[in-house]
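Reader: I'm new to this and would love a close look at one part: the place where the two chains meet. Could you walk me through it?

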Amino acid sequence: MKEKIRIFLDTDLLEKYLIGTISEEETQQVERYIAMYPKVRETYDELQANLETFAKMHAIKAPEGLKARILERIKAQNAGRRRFRRYAIAASIAAFVFAGSSYFFWDQSQGLIEENTIVNNKIRDLEEDMREQLEDVRNQFIVLNNPQTKKYVVKGNKKAEELKAVAYINPVKKLSYINVQNLPNLPENQCYQMWAEVNGEMVNLGVIKNVDDKDKLRPLPYAENAVSYITIEPMGGNDTPTVQNIVANISY
Amino acid sequence: MSTLLEKHIVELLQERNDKAISLLYEHYGDTLYGVAYKVVRDEELAQDVLQESFVKIWKKSDSYDASKAKLFTWLFRITRNTAIDKLRSVNTKSDKEIQIDVSDVYNLGVNSIRPEFMDVKENLDKIETKYQIVLDALFFQGMTQQEASDELDIPLGTIKSRLKIGLRELKKIYGNTMLLLPLISELWKDVMSPLF
């Protein structure tokens with residue numbers, strides 16, 4: 001062990017470590033030796049003391065004003081650091097705000113794009129709806145205004161005496177409409193449903209909703225010698241008409 | 001030997017109190033200026049080196065580890081390395097060779113020595129030039145013993161023995177100074193206490 005320490009002390013590594021001219025790897029080796037061997041530690045401490053003494057022997061009076069310049073530089077350095085820190089904080093906040101607002105605007109724009117699509121779709125649907133309704137109204141107009149159109153007043157049977165409806169049939173244009181004017185109230189679990197028997201087949205024309213459909217002309221499928229019926233059915237409508245519940249029929 | 005003053009300076013450095021720099025300059029400024037001058041051999045360059053070294057000392061103050069080096073050793077390393085870097089950059093600019101002039105070791109004007117170091121300066125005269133040269137090669141030039149042997153044209157064995165004697169002589173000097181240290185630190189305490 002003593003031999004190992006002697007060899008180490010002979011290498012100059014400790015001296016190089018002392019004055020700081022040593023590689024990172026060698027530094028670790030030297031520090032390990034200093035920590036492990038008191039003899040090395042002692043030699044190192046002696047060298048440190050020697051260095052300080054020897055250096056103090058070579059002290060030279062530094063020029064006047066150098067101290068002030070150094071202190072000024074340190075102060076500037078600190079101020080610079082503080083200023084930098086302030087700028088860094090300001091920049092961070094700015095970046096954060098920018099990122100936040102960017103996200104906010106991006107999110108908003110995404111929302112707007114979505115909304116725009118919905119609105120566009122709605123407009124398209126409305127246009128289509130309008131065109132359909134317009135077509136419908138035009139056809140109704142044609143039917144109603146045509147001199148060949150026949151008007152049938154439909155009245156309910158005993159089961160619904162208050163029922164009043166008007167049917168318009170045009171055999172030339174092969175169009176027919178019905179306008180249900182008045183329907184007697186029904187229990188909540190029942191409804192009126194319209195049917196048409198066309199060429200021997202029963203066609204479901206749908207449920208009549210009392211209030212909404214009052215002024216509406218409902219198209220009827222046209223056929224020679226067709227018969228339309230209004231029946232009372234369970235709420236929600238039925239697949240086939242309940243014959244004993246027929247309240248009105250229109251032959252045309 | 002870590003004096004009270006050293007401990008105080010280290011504390012201030014770690015607290016990042018710039019009073020530390022003022023105290024460091026008071027205590028080590030001239031010595032470090034001497035170190036810088038030994039390397040760059042030019043007053044203006046030495047002043048630049050000292051300034052840059054103090055800035056580095058301030059910046060690196062977190063990295064000082066009292067268990068690994070005395071405060072002065074740490075200051076010396078920073079100053080010497082800064083001086084060598086300075087010399088390199090100057091030499092790269094002027095494309096000159098680094099001149100190591102060992103004959104300059106003891107060539108110091110007496111009036112350039114601070115009075116506080118007068119006794120040390122007197123002690124320096126007690127060490128024979130031949131030992132000083134070897135010490136200088138070791139501490140300031142950063143030469144290995146082999147390099148010193150080559151550079152000074154002195155056999156390696158002689159270098160080794162001169163170094164041994166030189167170090168022993170130095171030890172005698174700081175050994176004496178150390179007797180004064182408790183006194184000095186007491187004095188410092190009195191001087192500094194109003195500031196603490």
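**Where chain A meets chain B**

Author: Happily! In this predicted model, the contact takes 47 residues from chain B and 34 residues from chain A. On the chain B side, the elements that give two or more residues are α2 (19-40), α3, α4 (71-94), α5 (118-126), α6 (129-139) and α8 (156-192). Among these, α2(B) gives the most, with 11 residues. Sorted by class, the chain B side that touches chain A has 24 nonpolar, 13 polar and 10 charged residues.

Now let's zoom in on one pair of helices. Helix α5 of chain A, residues 66-145, packs with helix α3 of chain B, residues 43-59. Their axes are 10 Å apart and meet at an angle of about 40°. Because of that angle, α5(A) is oblique to α3(B): angles under 35 degrees would count as roughly parallel, and 65 to 115 as roughly perpendicular. The crossing of the two helices, α5(A) and α3(B), is right-handed.

Which residues make this contact of α5(A) and α3(B)? From α5(A) come A:L66, A:R69, A:I70, A:R73, A:I74 and A:Q77. From α3(B) come B:Q47, B:L50, B:Q51, B:F54, B:V55 and B:W58. If you sort the residues in this helix contact by class, you get 7 nonpolar, 3 polar and 2 charged. Try finding A:I70 and B:F54, two of the residues listed for this contact, in the structure in front of you.

Conventions. Residues numbered from 1 in each chain as written. Chains lettered and ligands numbered in written order. Predicted model: local features only at pLDDT ≥ 70, side-chain atom pairs only at ≥ 80, totals over all residues. Axes fitted to C-alpha atoms, helices over the stretch in contact; angles between N-to-C directions. Helix = DSSP H or I, 4+ residues; strand = E, 2+ residues; numbered from the N terminus. Parallel < 35°, antiparallel > 145°, perpendicular 65-115°, else oblique. Left-handed = near helix turned anticlockwise from the far one by under 90°. Contact = placed C-beta atoms within 7 Å. Nonpolar A, V, L, I, M, F, W, Y, C, P; charged D, E, K, R; others polar.
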